[in-house]
Amino acid sequence: MYDISQIRADFPILSRQIYDRPLVYLDNAATTQKPLCVLDAMREEYLNVNANVHRGVHYLSQQATDLHEAARETVRRFINARSTAEVVFTRGTTESINLVAATFCEAFMNAGDEVIVSEMEHHSNIVPWQLQAMRRGIKVRPVPISGDDGMLDLEAMEAMFNERTRIVSIAHVSNVLGTVNPVERIVSMAHAHGVPVLIDGAQSAPHFAIDVQQLDCDFFAFSGHKMYGPTGIGVLYGKEEWLDRLPPYQGGGEMIDRVSFQGTTFERPPLKFEAGTPDYVATHGLATAIRYMEQVGMANIAEHEQMLTRYCMEQLSDIPGMRLFGPAANGATHDAVVSFLVGSIHHLDMGTLLDRLGIAVRTGHHCAHPLMTRLGILGTVRASFALYNTREEIDALAQGIRRVAQMF
C-alpha cells in the first residue's frame, strides 16, 4: 500500500501555509524537500560523530570514515555498480559532468574531435563541453528532436557517428519535456562505434530504479538534492577501467599517494577524484535519503509519479488555450514533469499568480536555452512531481490555471 498520508508526514514543510493557503509544492525537478530522517541523520552526525575522514587514527575519525564509506556502498547498491571504486562523490551532477568533460578531453580528445549531446540537454551538459571546445578546439554536435513530440531523432543520431566521435553525453530524462530517452539503445549504438557514453541522470535517479550494469553506460551522474538528500552532494559513477585511465580533476589532499618536489603519485579511484575534505555529513544524508526511497520502493515511486504525470496532462489538456510540451503521457516515454503554456499568457505571469494561490511551479527556460530556441518559445511553466505529491494537488494546479486564465 502506498500510504501517501504517512509519506507526507515525513516532510513537515508540506504542511506550511503560503499566503494563507496550503502549500502545493510542484517544483521537484529543481529540488526536492527533505524527510525528517535525513535531517535527523545529519544533525546526529554533526552532534556526535564530527571528525575529518580517512587517515585519522582516533575514534571519531574512524567512525566518521565508516559512515562515509558506508554511504559509498549504499550508492553502489542503489545503482548496482560493480564496486565502490566506481562511485565518486562530487558536489552534484554539474560537477560530475565537468569532471568527465575536463579529464576525458585532456586524455582522449584533440582539436576536431567530437562529442555528441542533444537539443534537449540542460546547460550543465552543454557548457562544460563548450568550454573544452574553446580550450581544445573540439566540436559539440547536438542530436535533434523529431517534430514537437520531444523525442530524440535516433536515425539522425546514428548518422552523426564518424571517426572523430569520441564520447556521447546525453540526458536520461529531459528536465523540460519529461522525455525518457532510450539510453540502453543509445549506449548500444555508441558502443558499436567504440564510443563511451555519459548519462545525465539528475532527472531519472529520483524517479525509477537505475542499474548501471544493465544500461552498460560508461559514466552516470546524479545529484542528492533532487532525490530528498542534502544540497552540495552528488555522484559520478564510472566504469573502473575508465576511471583508471582518466587523469585527476583537482589536486590537493586526500587524492594523493605520495608527494615530493620530484613528482607526485595519486590514489586509485575513487579517491583520485576527491581532492580535499569531502562533505562526509552530506554523504551520510544522501545514503539516508536513498534508504528512505528504497523503503518506499522504487517501483512504487515510479508507479505513483507516472500516475500523477498522466493525471496532470489529462486535467490540463482541456483548459482553453493549453499547450503541453513533450511526449504523450505514458510511463515509457514521459515521467514526472509537465511543461505548458496557456494562450498568450507569459510564463512568468502564470507562475507569479499561481504562487499567490500557494502553488509552487518553475517558470523560464529551465537552463535549456537551445531547447527553447528549437521549440520557438522563450520559456514554459513547469510542474514536476515527487513521491509525496497527490492528485488533489494537481486538481489545485488545474483550478489555479483556470483562474489565472480567466483573469487574462
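User: In this predicted model, which residue of β19 is the bridge partner of Arg362?

Analyst: The model is a predicted one, and in it β18 and β19 pair in the antiparallel sense over 3 bridges. Arg362 has its bridge partner in β19, and that partner is Arg382.

User: Which strands stand at the edges of the open sheet to which β18 and β19 belong?

Analyst: The open sheet has 4 strands with antiparallel pairing, in the order β15-β16-β19-β18. Each edge strand has a single partner strand, so one side of it is left without a neighbour in the sheet, and the strands in that position are β15 (322–325) and β18 (362–364).

User: What angle does the direction of helix α12 make with that of β18?

Analyst: Neighbouring strands of the sheet are turned by 30° against each other on average, direction ignored. Helix α11 (residues 298–317) packs on this sheet, where it touches β15 and β16, and its direction makes about 10° with that of β16. Helix α12 (residues 347–356) also packs on the sheet, touching β16, β18 and β19, and the angle between its direction and that of β18 is about 160°.

User: Is Ser384 buried or exposed?

Analyst: Ser384 lies in strand β19, which covers residues 380–384. Because its relative accessibility is 0% and the cut-off for burial is under 20%, Ser384 counts as buried.

User: Which backbone nitrogen does the side chain of Ser384 reach?

Analyst: Leaving aside residues up to four places away in sequence, Ser384 touches several residues, among them Leu26, Asp27, Asn28 and Ala29. The side chain of Ser384 comes to 2.8 Å from a backbone nitrogen, which belongs to Ala29.

Note on methods
Residues numbered from 1 in each chain as written. Predicted model: local features only at pLDDT ≥ 70, side-chain atom pairs only at ≥ 80, totals over all residues. Heavy atoms only, no water. Helix = DSSP H or I, 4+ residues; strand = E, 2+ residues; numbered from the N terminus. Buried < 20%, exposed > 50% of the residue type's maximum accessible area, 1.4 Å probe, protein only. Polar contact = N/O pair within 3.5 Å; in protein donor to acceptor, adjacent residues only side chain to side chain. Contact = heavy atoms within 4.5 Å. Pairing = 2+ DSSP bridges. Axes fitted to C-alpha atoms, helices over the stretch in contact; angles between N-to-C directions.
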